[in-house]
Structures are given as C-alpha cells and as structure tokens.
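Work through the exercises below with the sequence and the 3D view open. Try each task before reading its solution.

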Amino acid sequence: MTEQVRPRIAILGRFAEHTSSTRREALVSAKLLLDSIWRAGGDPITLLPAEDTDWNTRLAGYSAVLMPGGGDIDPSLYGQVQNTDEIYGVNSLQDSADLSLTRWAVEEKVPFLAICRGMQMVNVAFGGTLVQHMDQDHRHVVSDIKLDSDVDRLGLSLPIVTASCYHHQAIDALGQGLRVIATAEQGHIEALAIENGGWAYALQWHPEDNAHEDLHQAEIFSEFVRQARLAGPLA
C-alpha cells in the first residue's frame, strides 16, 4: 500500500550560536516539534530566514506554515524600549523574517500554527504589545489550560489540555483581528484564534513537549496537518 503524500509544512528555522554538531553558527528546529508534525502525517521542512523573501514564490508546493518558539522579539517592534536585562536572543533578521512570513500566511489564509514566541510574534505583527518580563515567569511550568472556545476547530476531544510552558514574556495589549480562546490561572493569554477566515491559531505553550505521550497535544498537530492536506499545496 502506497503511503499518502505528506503535505509540506514550512517552519522558519531559528539561529543558534553553536550546536554540538556544528563548528559555527547553526540554523535549528526543535526535534520534538518536527517529530510531532511527522507523526501527524506532515513533512516538516526548516527554512532559512532571509531578507526580502517572496513567500508566494518560495512556498510554492507547501501546504501550511508553523511559526515556532525561539528567543525574544526586539521591543522596538512593538513601540517600546528595552526595560529589563531578561531580554535574550534578539536577532533583527529573525524578527524581520518572522514578521514577514506571519503577515503573509495570515493574509493568504494558509493553514497556520504559531507556538510560544510564534504567538507573541503574531500579536506584534498585528499591532499588539508584550510584557517584556513577567513578575512570575512560566519557564518549566506544566499546568492545565481550559479552552473557552474553538475546541472542535483545534481538533481537540476535550476542552482541557496539560500545557508545557517555557516563556518569560506574555501578551499585553491584544493585536487586531485576534481573539482570546484560553487564559492561564495567572491571567495571561495562552491561546489565540486569528480571525482571517482560515484555520489559524497561536498557542503560548509548547504542544510538542508532550505530544508523544499526550493524546490532546497530538490532536492539535493532527488537525493542523489535516487542514494542510485539505488546503493542498500552494501554486
């Protein structure tokens, strides 16, 4: 029996100063994230952030976009000056490519999933702001999150997920065209629906952390890949 063709999922890679297997700077994607997409039936492909990208041309043949976690966003992009020493990993090329791809994918109604930094970038891309450093950050925090809506649209069989979080920033002012669908007990936003008429969501937690053992996290990736398959490859 021939395996069904896997829809290509574009993931914008993250710059790393070094890795154990490279001598110099590297471009990386989290293996847990790639594994989660592969198990769901997709083909995850890491893309190099580059200046002046024509996404219509570059993503021909791809079916969806995933904006992953990573370092912090330059506060100047949301109208602020840096006010904490906790900001880390700022890279102007990374920010520029993330903004460009996020806006393009949302405008073109490509199936789109954003995770952690990805959700923060979505908010910034559409005029929102961030808390630069939370009073009590959510690094290495696991807690139950209840979705207020869009449970079926995310492919979830239950409205509660056990969320693995690693972030020290949070959404402050909400961007345009975004709708809150889950909030943590501490009050910060944990999930957004992007109201562009397509399938587009953003999660503050990392569903890839426990998707290999948590059915509900895996369901999110399965629905994302299903939406990619339904959309088909971009011409």
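The exercises that follow concern a predicted model.

**Exercise 1. A strand residue and its surroundings**

Task: Place Ile11 in the secondary structure, decide whether it is buried or exposed, and list its contacts.

Solution.
- Step 1. Find the element. Ile11 belongs to strand β1, which covers residues 8–12.
- Step 2. Check the accessibility. The relative accessible area of Ile11 is 0%. The cut-off for buried is under 20%. Ile11 is therefore buried.
- Step 3. Collect the contacts, leaving out residues up to four places away in sequence. Ile11 touches Ser29, Leu33, Leu34 and Ile37. Ile11 also touches Pro44, Ile45, Thr46, Leu47, Leu66 and Pro68.
- Step 4. Take one long-range distance. Cys116 is 105 residues from Ile11 along the chain, and their C-alpha atoms are 14 Å apart.

**Exercise 2. A buried ion pair**

Task: Find the salt-bridge partner of Arg14 and explain which parts of the chain the pair ties together.

Solution.
- Step 1. Identify the partner. Arg14 pairs with Asp98, with 2.9 Å between the closest N and O atoms.
- Step 2. Locate both ends. Arg14 sits in strand β2 (residues 14–16) and Asp98 in helix α3 (residues 92–108), so the salt bridge ties together parts 84 residues apart in sequence.
- Step 3. Assess burial. Arg14 has 9% relative accessibility, so it counts as buried. Asp98 has 0%, so it counts as buried too.
- Step 4. Widen the view. A network of salt bridges links Arg14, Asp95, Asp98 and Arg117.
- Step 5. Put this in context. The model has 8 salt bridges by the rule applied here.

**Exercise 3. Two further salt bridges**

Task: Describe the salt bridges Asp137–Arg139 and Arg179–Asp150, then classify the accessibility of each residue.

Solution.
- Step 1. Begin with Asp137 and Arg139. Their side chains form a salt bridge at 2.9 Å, N to O.
- Step 2. Classify them. Asp137 is partly exposed at 27% relative accessibility. Arg139 is partly exposed at 24%.
- Step 3. Turn to Arg179 and Asp150. Their side chains meet at 2.8 Å, N to O. Arg179 is in strand β11 (residues 178–183), while Asp150 is in the loop between β8 (138–146) and β9 (160–167). The pair links distant parts of the chain, 29 residues apart.
- Step 4. Classify these two. Arg179 is partly exposed at 29% relative accessibility. Asp150, at 15%, is buried.

**Exercise 4. A nonpolar surface patch**

Task: Which residues make the nonpolar surface patch of about 240 Å²? Place Leu48 and classify its accessibility.

Solution.
- Step 1. Name the members. Phe15, Leu27 and Leu48 make the patch.
- Step 2. Place Leu48. Leu48 lies in the loop between β4 (43–47) and α2 (55–58).
- Step 3. Classify Leu48. Its relative accessibility is 46%, so Leu48 counts as partly exposed.

**Exercise 5. A polar side chain in a loop**

Task: Is Gln169 buried or exposed? Which backbone oxygen lies 2.9 Å from a polar atom of its side chain?

Solution.
- Step 1. Place the residue. Gln169 is in the loop between β9 and β10 (170–171).
- Step 2. Read its accessibility. The relative accessible area of Gln169 is 1%, so this residue is buried.
- Step 3. Identify the oxygen. It belongs to the backbone of Gln132.
- Step 4. Add the contacts beyond four places in sequence. Gln169 is in contact with Gln132 and its neighbours in the list, including Leu130, Val131 and Met134. Asp72, Tyr78, Ile87, Gln120 and Gln204 are also in contact with Gln169.

Terms used. Residues numbered from 1 in each chain as written. Predicted model: local features only at pLDDT ≥ 70, side-chain atom pairs only at ≥ 80, totals over all residues. Heavy atoms only, no water. Helix = DSSP H or I, 4+ residues; strand = E, 2+ residues; numbered from the N terminus. Buried < 20%, exposed > 50% of the residue type's maximum accessible area, 1.4 Å probe, protein only. Contact = heavy atoms within 4.5 Å. Salt bridge = Lys/Arg side-chain N within 4 Å of Asp/Glu carboxyl O. Patch = residues over 30% accessible without salt bridge, like charges linked within 9 Å, V, L, I, M, F, W, Y side chains within 5 Å. Areas by Shrake-Rupley, 256 points an atom, 1.4 Å probe, with all protein chains shown as cover. Polar contact = N/O pair within 3.5 Å; in protein donor to acceptor, adjacent residues only side chain to side chain.
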